Every structure is written in C-alpha cells, then in structure tokens.
Amino acid sequence: MTTYNDFVIRFANVNGSGSASANGMFAKALFRMGVPISTHNIFPSNIEGLPTWFEVRASGRGYHGRRQGVDLMVAMNAETFDEDVAVVVPGGYLLHDNSGGLDPRLNRPDVNHIGVPIAKLVVSEYTDPRQRKLFKNIVYVGALAALLNIDFDVITGMVSTQYRGKDELIGPNIRALEIGRDYARDYLECPLPIQARRSDAIGDRIMIDGNEAGALGAIYAGATICAWYPITPSTSMAEAFEKHAARLRVDKDTGQHKFAVIQAEDEMAAIGIVIGAAWNGARAFTATSGPGLSLMSEFLGLAYFAEIPAVLFDIQRVGPSTGMPTRTQQGDVLAAAYASHGDTRHPLLFPSTPGESFEFAATAFDLADRLQTPIIVLSDLELGMNENLSDPLTWDDERRYDRGKVLSREDLDSIEDFGRYMDVDGDGIGYRTLPGTHPTKGAFFTRGTSRDAYARYTEAAEPYTANMDRLLVKWQTARTLMPAPEIGSRRHRVGIAYYGTTAVPMAEALHYLAQDGVRLDTMRIRAFPFPDAVADFIDAHDFVFVVEQNRDGQMRTLLVNEAGADPAKLVSVLSYGGLSITADTIRERILKHFDENNLARLTEVSGGQARRT
Amino acid sequence: MTFVAKPEVHHPQLPLNEIGLNRRDYEGLVSTLCAGCGHDSVSAALIQACAELAIPPHRFAKLSGIGCSSKTPNYFLGNSHGFNAVHGRMPSVATGANLANRSLYCIGVSGDGDSASIGIGQFAHIVRRRINMLYIVDNNGTYGLTKGQFSATNDKGSTSKRGVPNLYEPIDLVSMALDIGAGFVARSFSGDKGQLVPLIKAGLMHRGFSFIDVISPCVAFNNHNGSTKSYEFTRSHAASVVAADFVSPHEEITADYGPGEREVVEMPDGSRLHLRKLEEDYDPHDRAGALTYLQQAALDGEVVTGLLYVDSDGTDCHEILDTVDTPLSVLGEVELCPGQAALDGINAGFR
C-alpha cells in the first residue's frame, strides 16, 4: 500500500562533505510541494570528519516532533553504517553507495536495500576531486527525487535560484541530479511505496529557524545594540541580526547604520555592553547559551538590583559544563530564573515555535523596559537551529514600543521630589531618568550597592529591606504582565504541562494517548513568573505531568517553589539525552505511570466540569 | 573621611565659565576617601577641567568599576548620571553607554586593581575598539578597600607597609594602551595639577580612546619608604617628556613659547593642543618610539609623565561601525521598525 507525505528520512553524512546544502535542498523541495515537514540537524562539535545526521520528517497530519525509527536511511558514512542500519524500521529502506560492492555489515533482511553506485557515477562524469566529493550528495538527491516521486522541476528550479549569479554551477548541479534520477529510474523499483505528493497543507506558512526569527523580532522591537560572544547554538542569532539589520536598518540618505553589533571578548563583556547601552536609553540584547549564562550571572544581579532593562536570549544546549555543545536540552531553567548571588529572580519567556521566537523577542523588550529588569528568553538548540514550519511573521503597524517609566526633561521640570527608587504608583516600579536629560534634576548614581529611594548609598537595614521588599512588589506586577499559559480542554482530572520545545511533539503524543484511552487537559507554560492561571490549572487536576528536557525536572521545581504547587501532584516526564523528546517517549512514560500506579485511564470528569481540589 | 557637611552657600565672586556656571556647579558629593588620598586630587582636576571646558555638567556620563577609585564619580559632576558597575567591568558598560548615546562625554574612572587585574581583558578590548571616552586609572599600586594587598601595577621589589617586597613583574597600562592602539595616551601624577588638568581637557576633546594613567598615592597603605607609588618617590622620579596646553576654540594664545618649541594639534571641536617638548628626543606621534622610551625609562627607575602619544587623526568606534549621527537611544519606531510591508517580503524569502 502506498502512503503519501508520511515518512522519516535520515541522511547519515560525514561533517564537512558538503551534504548540508544538498540535504537542505531536499527538504525545501518537499516544502515547496506543500508537504508539511520538520527538520532536525544532528551535528557534531567539529569542522570536518565527524559523523553528522540530518533528518526530515514529512507528516500530512502536521506532526513536527521527532519520531523514533527511520523509514529511509541515506547511509553515506561508513563509520556509522552499523548504527544507521540498526535504526531503520522493519520494512524500511536503506539507500547506500554500492560502488565497492555490498557492505557485509548490511545484515538486516527485514530492510529493503537500495544500492546506487554513487562514487562510480560521479567519477565517470566529473574529473575535479572537489566536484566529485560535492556532487555525490547531489546524485543521491536526484535518486531520491525519483524514488519518492518528488517533482523534478521543483528541485532544478531551486538549483537555479540558489546559484543565481554563479551560473557556471547550475549546469553541473542539474547534471548530477539527472544522473541520480536516471539511475534510479533505469535500475531501481521506482517510485517506492512511501511517496511525496503535492499538497495544500502548508498554506502560507514559512520555513525558518528560531534564531533567525528571534533576530528579526529584535529588529522589529527596535533593538539597536547587539553584543555577543560566539557560542553554539546561539551564534546564528547574532549573525542573523547583523545580516538583516545591514539591510533593514540603513539610513536611506547617508547609508549609515541605525544599529551597532559588537562581538565582545567574552560573555561578561557582552552583557556589560547590553546593560551600559540600556542604562543610556537604547534597546540592547545578547544571545548566548548555558556557559555564557553562568558567566553573565554577576552582571544579571547588578541589572536586577540596579533595575536596568536587558534582554538575553539563552539558546540552551546540553549541560552541565561544556556538556554536548551541539545537542539540545532545557537545562538552564533554574540557572536563568535565579541567576546571580543574593536574592535575585528574573522573568523568563519560553517560545515554542519560530513565530513565537519572533513575537517573544518583541515582548521581551517591552517587558524589560516596563519592569526595568533583565528578561531572559529561553529557547534551545532544537528551536534555534532547525528550520521548521511557522506561521508567517506578523507585525502590527499600530504597535508602539512600551519604553516604560522614563521621565523627560519636561516631566522633571514639574516634579518636586524625584527619587529613582520611589514606588510612586504602588506597582513596585520607580521612574527612570536617562543620562543627559536635564541640566539640574534627575541625575543619580546607579550602583550595585545598597541605596535608599533617592539612590543614595546606605548600609542601614531599613532602606535595604524596604528596597528588597519593593522588588517583590515589582515581581507581583510582573506576574500580571507575563504571557498567559495556553490551556487546552478543561474536562479531565489529569493534566499535562509543557513549555518551549516540549510542545512540539505534544499534539502527536496526545493523539496516541487518546487511542490508548488516556485523555489529558493541556497547559503550555509560556512565561515565568507564573500568571495565576498556572497554579489554578494544577489545583484543578488530580495530578499533572510536567514534560521537560532535563534530568532534574527544573520546571517542576519552579512550579513547586513559585506557584505553590503540591509536589505530590506533579509527575515528571523527562528526556535529556540531547535529542529532542519524541511523542513515543511521552506516550510510553505516561502509560507507564498509569499502569504502575493502577490508575484508571479514563479520567474524564462527568458533566464536563473539571473537579477543583 | 570627612564628616563636615558641604556648605550650601557659594562664594558670590566665583568666576563663571562661558556658559555662566562656576566651579561649584561641577562638583559632586563630599568625598568619603581618606584625607590626603590622591584620588581626591584627580576628582578636583576633573572638576576644574570640565568647568574650564564649559560643557554643561549633565552632558557627561560617568562610569566606574569597583574600588576606591571607582567611588570617585560620586564626588564630581553631581548633575550628571553615574554608573558604579561591577569589579573590572566598567569598560563594557562604558562601551554600551557610548554606543547608545554618542552625544554625551564619557568619563571612566578605574583603579589599578580594577583595570590591571580583574578587568585587564575588558581594558584591552575597550582600547582596541576605540570607544570615544576619557579613561582614567587612579593608580596607587595597592588594593585600598581590602587593606593594602599589592596590585598588578606595583613594581617588583616595591615594599608593602610591613616591608615585604612585591615579587612579581608590574603591568604597565600605559604601554598596553599604546601597544593596542589608543589614540591618546598620557601619564600624570595626582600631585601635579598643572600637568593633569590640561591633559584631562585634551583627553576629553580627543576623538577616540583617551587614556590617562594617574599615579595617585594611597596615604593609608602605599605611601611609605620603599614604595614606588608614594608621593615622595613619584615627585623625585617623575620626568615629564611632553607638556600639553589645552586651548579652547576661542581662546587667545597667551603662553610665551620660544620658536620651534611647540607644536599645535587641532582637535575635532576646533580647540587646539599645544605640545611643548621637555625632552628633545621624544616624539609624541611615534607609537613605537614611545614604547621603547618607556621601557628604557622603567629600567632606569624613572616615571615618565606627560602626553606620551597623540594621534592627530583620531577615529572612534562609531566611525568604525558607521553609525548614524543621531544617538541610537533616541531613535523610535519610525526609524527602527521596518513594518509589516517589509515583513511580507521577508516571509516570502522563507518560502
């Protein structure tokens, strides 16, 4: 039986062999046919030589999470051949280069072998060793086009677009595609029972990674200063900001830049530049990952205590320490929430999709200015570095930046008694003044040392505690401003909470679980401090699964600490091996919990009303 | 420290500068440093220099790190904003501040612990980025607030108050600044206001990174016999190579110079710097020569002061980054947000 637009194909390559652009072309071809896809780049911390994988999942249902098992493996790396053969599902396919004969390690009688003499085909066509190496990748894309019934014109059209201006490369690339396609057509059973077919399931959606979307969000939000230090997987965000700003932020008349990017000497300098710029009135941000967050902690405490807006994007990777720099995790939740010594807390945002990375970038700058404190956007490698389907980015042209409480010269003229840290409005947020505003009023000395409401140095207990207590009032104000959780149905006694990229496989996991008789209410947490709705959701359920990608259940800890949740009601579902969590894993863990505790699977509340505890 | 409250009444006959302000308008709070601390003399020199330049006091941004030196921005320019950052990280905060608003005069005050130890990385990088600011190090060779440990600028063999010699080689921030490309490099002495005030004025007017290392003795922990950062040692071993006289745009030249003794350096705002060579062989436009001269002088136990290097065509980070003339901090939605129409085009590029 032929199935359409529902398969996982994995490319096993050697890093630095030029496979990335060929594999990307393959994915884009499916996207242009209207096939909903998601991609996962599983790459090493290496320039050349180590194994690298690229996975494309086509799903007519629109399931974008990783799925266990590979339907078609393109095994181009001899070093990993054994493990690549092993992960193919029974009845699946393995495309390999049989120029050197049949690999004896191909020991899976339940897998269909598709041999293509790629090296031989390339050698007979090209003489340049570099071309021979690169075009091997293009040849297998050509063969896949025939095997999976991908529109050949779509692929050749992409080659023409990609190499526009370098026209001499178009002919040889198309030739390589044809060699692969013709071989498959002439010598293989083609097309396979798993096929692509034109679809309208994508609509107007785009394919973009979270780092680029976040960078565009920063541009739209009016960020003018980006200071950063290279660290995987955040680097591409700063680079995307610079790339787009160089086009979108140029003065029409003079050609001068309305932005400044500084590649700092380390992460401490990066956040220092951000804080200095924000103190002086500009919107500024940095992008980093776990090790950088650790280094920035001292400065984050300063910005918390001195109340300076700052925006930090933490594109999380596997920790602790250097961990796995090119694998994904949600391991910085607690480090970000409580970064720095003393009593500190920082608002967090948890985007789940590229579109939300764009939106939350803009939200973060408004919140930072409004709350006069650092805002940390917790993305991760999975979201940041993989191109995935997203609704088109949108911006309301009526939207105005919320620059928070900043006094103008005129304001200061009319104010008798200015104190930077006075809680005039009762929301815990004082009024800022910016350097250079007024000749004689509003100047103050910003410092990380204790001070009174007038920013005057003091070591007295009362003004210190009054200030710390005011910061708690501000924290309560923050709770009312953070994006609300996204809550699904309210009909069951058991719930499931998730955030960031654990949301990606959730629709699929819930679909499987429903088939198993388990139906759960859902809550996607989008921000910390938690709006009231988060605690209400937990209260309203017998227990709640908390799905996250770290070992210690960091969000669960935060829910217990900060939302007053009963620990007994929060059941962790954890995955932290470095690859993003799959729907299968979520389903297995949840079923196991029901079985081990002898719980009835059907937990629907009679009458459709959630029971409140 | 002083417990006497600062008098509120101004002397009616204090001279006014070009914008009608007197010296008191450039002062800050009463210092809490030890009586006789060199740093207070540096603050006094800053007050005098800024008043003489007739820049409105609120158009300065004052940045500092942590330590005795870094407290001083509270003691001058009380009508400008100051930022007492974290230890050794003032350069990054100053970088951000200057990038955000290029129209303010940026003054950074740091110490030898702040800049030569914990913050030496940030110091090096702000020099190479040519941030347009005046960066002063109040250099006393010791950690005052933690009670007298050696700092990295302390000379090898120089002794502590208890007579223990420093065992390690000193770091010379002046040589470092020269090596990495600072456009204006000077060394002075807190006890020589006549030299320091014109250097501060020139450093503020220079476009790019201006660095002044000010030997500023610590009366509590490093002013004894055996210390090479004491008042007495500095007075007896300081040798000025180039004296700088700062002349504001409309000021007449009143000093009497012999022919060939002075060189005029034009500053970006139309002011002029008159350089007088006190050492015949010294060329303040020769970076490599300055480094060699400093190294030889250090071997000879001499403290070279004065304007050591000036690049007449200074550039700064804004020029390198080609940013707009308007401060980035005042740009709003209209200038910064490309709008939905542009986003439609961007979306199309991702299909």
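How many bridges join strand E17 of chain A to E2(B), and do the two run parallel or antiparallel?

Solution. The model is a predicted one, in which local features need pLDDT of at least 70 and side-chain atom pairs count only at pLDDT 80 or more, while totals for chains, interfaces and linings use all residues. Residues are numbered from 1 along each chain as its sequence is written, and chains are lettered from A and ligands numbered from 1 in the order in which they are written. Helices (H or I, at least four residues) and strands (E, at least two) are DSSP runs numbered from the N terminus, and two strands pair if DSSP finds at least two bridges between them. Strand E17 of chain A, residues 445–447, is joined to E2(B) by three bridges, and the two strands run parallel. Within this pairing, Thr446(A) has Phe83(B) of E2(B) as its bridge partner.

**Exercise 2.** Describe the side of chain B that touches chain A.

Solution. Start with the residues in contact, meaning those whose C-beta atoms, placed from the backbone, lie within 7 Å of each other: 48 residues come from chain B and 55 residues from chain A. Next, list the elements of chain B that give two or more residues to this side, which are strand E2 (81–84) and the helices H3 (90–100), H5 (120–129), H11 (333–336) and H12 (339–349). The largest share, eight residues, is given by H3(B). Finally, sort this side of chain B by residue class, which yields 22 nonpolar, 20 polar and six charged residues; here Ala, Val, Leu, Ile, Met, Phe, Trp, Tyr, Cys and Pro count as nonpolar, Asp, Glu, Lys and Arg as charged, and the others, Gly among them, as polar.

**Exercise 3.** Work out which strands stand at the edges of the five-stranded open sheet of chain A, and what packs on that sheet.

Solution. The strand order in chain A is E18-E20-E19-E22-E23, and the pairing is mixed. Strand E18 (486–487) and strand E23 (570–574) of chain A each have a single partner strand, so one side of each is left without a neighbour in the sheet. Further in, strand E19 (residues 494–499) of chain A and strand E22 (residues 543–548) of chain A pair in the parallel sense over four bridges, with Val494(A) opposite Phe543(A) in E22(A). Helix H18 (residues 554–562) of chain A packs on this sheet and touches E19, E22 and E23 of chain A, its direction making about 135 degrees with that of E22(A). Such angles run from 0 to 180 degrees between N-to-C directions of axes fitted to C-alpha atoms, for helices over the stretch in contact.

**Exercise 4.** Determine how strand E15 of chain A is covered and which strands pair with it.

Solution. A residue is buried if 20 or more other C-beta atoms lie within 10 Å of its own, exposed if 12 or fewer, and partly exposed in between, with C-beta atoms placed from the backbone. By this criterion seven of the seven residues of E15(A), residues 374–380, are buried. Pro374(A), Ile376(A), Leu378(A) and Asp380(A) point one way from the strand, whereas Ile375(A), Val377(A) and Ser379(A) point the other way. Strand E13 (residues 310–316) of chain A pairs with E15(A) in the parallel sense over seven bridges, and the bridge partner of Asp314(A) is Leu378(A). Strand E14 (residues 348–349) of chain A also pairs with E15(A) in the parallel sense, over two bridges, with Leu349(A) opposite Val377(A). Lastly, E14(A), helix H12 (residues 354–371) of chain A and E15(A) make a right-handed β-α-β unit, in the sense that, with the strands pointing away from the viewer, the path from the first strand over the helix to the second runs clockwise.

**Exercise 5.** Is strand E3 of chain A enclosed or open, and what is its pairing with E4(A)?

Solution. Six of the six residues of E3(A), residues 37–42, are buried, so the strand is largely enclosed by the rest of the structure. Ile37(A), Thr39(A) and Asn41(A) point one way, and Ser38(A), His40(A) and Ile42(A) the other way. E3(A) pairs with strand E4 (residues 51–59) of chain A in the antiparallel sense over six bridges, and Asn41(A) stands opposite Phe54(A).

**Exercise 6.** Summarise the secondary structure and burial of chain B.

Solution. Chain B has 12 helices and 12 strands, and 54% of its 351 residues are buried.

Key
Two residues are in contact if their C-beta atoms, placed from the backbone, lie within 7 Å.
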